[in-house]
Structure formats: structure tokens, C-alpha cells
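Subject: Structure handover and notes

Hi there,

Here is the structure I promised to pass on. Have a look at it first, and then read on for my notes.

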Amino acid sequence: MAALQKSIDKRNALINATIELVNNDGFHATPMSKIAKMACVSPATIYLYFENKQDLVNKTYIEVKTSYTAYAFATYNETMSVEEGFEVIWKRIADFKLKESANAMFLAQCDNTPMIDEKSRQEGIKHLQPLLDLWARGKKEGIIKPLSDYMLYAYSINPLSFLMITQIRGSVKMDKDELEQAYQAAWSSIKVCE
């Protein structure tokens with residue numbers, strides 16, 4: 001049992017080192033040797049858990065995306081109205097991005113790089129299915145604008161990454177009032193105007 005825990009700890013250390021190094025140095029300036037050193041394992045140990053750097057990055061992306069979406073949808077219920085459901089999901093995403101900024105920053109980097117392969121991107125999108133289903137219901141009910149899911153995400157969710165980064169830099173402090181204003185702007189950007 002101790003050997004299993006040691007193995008899990010090594011793998012987690014590699015994942016955490018990957019996140020930290022990618023956030024600080026970018027994908028291309030994060031060699032396997034640096035990841036191994038930060039994780040306090042030999043470079044050969046990485047290959048017990050991952051085929052190569054691409055595999056390590058893709059699996060890290062999926063793990064972070066899984067925890068992000070589990071958090072985002074933890075208090076969402078499909079019986080909620082479209083507006084209530086979107087507010088619950090949006091505010092949970094905002095909470096994750098502002099509290100789990102290292103993981104959120106890693107996901108933001110993944111969204112803007114060709115490093116993540118298409119199979120992993122599609123797997124990541126599957127984790128967003130409750131939000132996509134909510135938007136589909138909202139479009140059908142005439143509440144959400146008939147835009148592609150990519151457009152809806154770009155206008156309502158992606159701005160949170162910008163706000164997270166500006167908070168990390170100390171340019172802004174997202175207090176309760178500013179978060180509410182940001183939510184209202186996100187909702188206004190995707191709802192059908194009455």
C-alpha cells in the first residue's frame with residue numbers, strides 16, 4: 001500500500017511541476033528534465049507514467065479540466081431555469097478561476113496553444129457538457145442567443161481568464177460587487193434581448 005501511495009505522489013508531483021513550469025515559463029521552455037527536477041524524481045521516472053512530454057501535457061490538461069468542471073457543476077441542477085443555471089455555473093467557474101489560479105492559468109494557456117492535441121481538446125469539451133446542454137435548452141426556449149457554443153463561451157466565460165490574470169498581477173481586486181458586475185455583463189452578452 002505504501003508503494004502505491006509513493007507512486008501516486010510521484011505522479012502528482014510531476015503533474016504539479018508541469019503546471020507550475022508551464023505557467024511560469026511556457027510550454028516550450030519546460031523540458032522534461034526541468035519537470036523531473038522540480039518534482040524531485042529522476043528524468044527516467046517520468047516515462048513510467050507518461051509516454052513523452054506531449055502525453056504528460058495532455059494528461060495534465062485533462063486532469064485539471066476534470067477538476068475544473070467538477071467544481072463548476074457541483075451545485076448545478078438540470079431542473080434550474082436557464083438563467084439560474086447559468087448564474088450558478090458562471091459563479092462557480094469564477095470562484096475556481098480566482099481561487100485555483102494556478103490551475104486556471106494552466107487551462108488558459110492550454111486554450112491558446114497548439115501543444116494540446118485534438119483528441120485531448122475534444123475530451124476537455126466533453127467535460128463542459130452540462131453547460132453546453134444548458135445553452136442548447138436556452139436557445140430552444142429563446143432565452144440564449146442562437147450563437148455557436150464557441151461564441152457563447154468566448155463572450156461569457158473567457159473574460160474570466162482576463163480578470164483572473166489582472167487580479168494575479170495586482171491590477172484589480174475582484175470583490176463581490178465587481179464579480180456581480182462581471183456576471184451581469186456575461187449574462188447580457190448571451191441572453192436574447194427583450
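Which helices do the buried residues of H7 pack against? Before the answer, please keep in mind that this is a predicted model. The partners are H4 and H6, against which the buried residues of H7 pack.

**Helix H7**

The buried residues of H7 are Ser-120, Arg-121 and Gly-124. Looking down the helix axis, you will find these buried residues within an arc of 105 degrees, so they line one face of H7. Lys-119 and Lys-126 sit on the other side of H7, where both are exposed.

**The largest pocket**

H7 also turns up in the largest pocket, which has a volume of about 450 Å³. Its lining is made of 18 residues, and those closest to the centre are Asp-111, Ile-125, Leu-128, Tyr-150 and Tyr-153. Two or more lining residues come from each of H4, H6, H7 (118-126), H8 (129-140) and H9 (149-156). Sorted by class, the pocket lining has nine nonpolar, four polar and five charged residues.

**The cavity**

Searching the whole structure for cavities of 30 Å³ or more gives one. The space in this largest cavity comes to about 50 Å³. Its lining consists of Lys-65, Tyr-68, Lys-97, Leu-107, Asp-111, Tyr-153, Ile-157, Asn-158 and Ser-161. Helix H4 (53-72) and helix H6 (101-111) each give at least two residues to the cavity lining, and both of these helices also contribute two or more residues to the lining of the largest pocket. Asp-111 and Tyr-153 are worth finding on your screen: they line the largest cavity and are also among the residues closest to the centre of the largest pocket. By class, the cavity lining is made up of four nonpolar, two polar and three charged residues.

**Salt bridges**

There are seven salt bridges in the structure. Side chains of opposite charge can pair when their charged atoms come close. A good place to begin is the network of salt bridges that links Glu-87, Lys-91 and Glu-180.

Within that network, Lys-91 and Glu-87 form a salt bridge with an N to O distance of 2.7 Å. These two residues are four apart in helix H5 (residues 82-99), which means that about one helical turn separates them. Lys-91 is partly exposed at 32% relative accessibility, and Glu-87 is partly exposed too, at 27%.

Lys-91 also forms a salt bridge with Glu-180, again with the closest N and O atoms 2.7 Å apart. Here the pair joins distant parts of the chain: Lys-91 belongs to helix H5 and Glu-180 to helix H11 (residues 176-190), with their positions 89 residues apart in numbering. Glu-180 has a relative accessible area of 31%, so this residue counts as partly exposed.

Elsewhere in H5, Asp-95 and Lys-99 make a salt bridge whose closest N and O atoms are 3.2 Å apart. Being four residues apart in that helix, Asp-95 and Lys-99 are also separated by about one helical turn. Are the two partners buried, partly exposed or exposed? Asp-95 is partly exposed, with a relative accessible area of 22%, whereas Lys-99 is exposed at 61%.

Happy viewing, and do write back with your thoughts.

Best wishes

Note on methods. Residues numbered from 1 in each chain as written. Predicted model: local features only at pLDDT ≥ 70, side-chain atom pairs only at ≥ 80, totals over all residues. Heavy atoms only, no water. 1 Å grid on protein atoms, 1.4 Å probe; cavity = no way out; pocket = protein on both sides within 12 Å on 5 of 7 lines; lining within 4 Å. Points joined across faces, edges and corners; volume = space filled by probe spheres on them. Nonpolar A, V, L, I, M, F, W, Y, C, P; charged D, E, K, R; others polar. Salt bridge = Lys/Arg side-chain N within 4 Å of Asp/Glu carboxyl O. Buried < 20%, exposed > 50% of the residue type's maximum accessible area, 1.4 Å probe, protein only. Arc of directions from axis to C-beta. Contact = heavy atoms within 4.5 Å.
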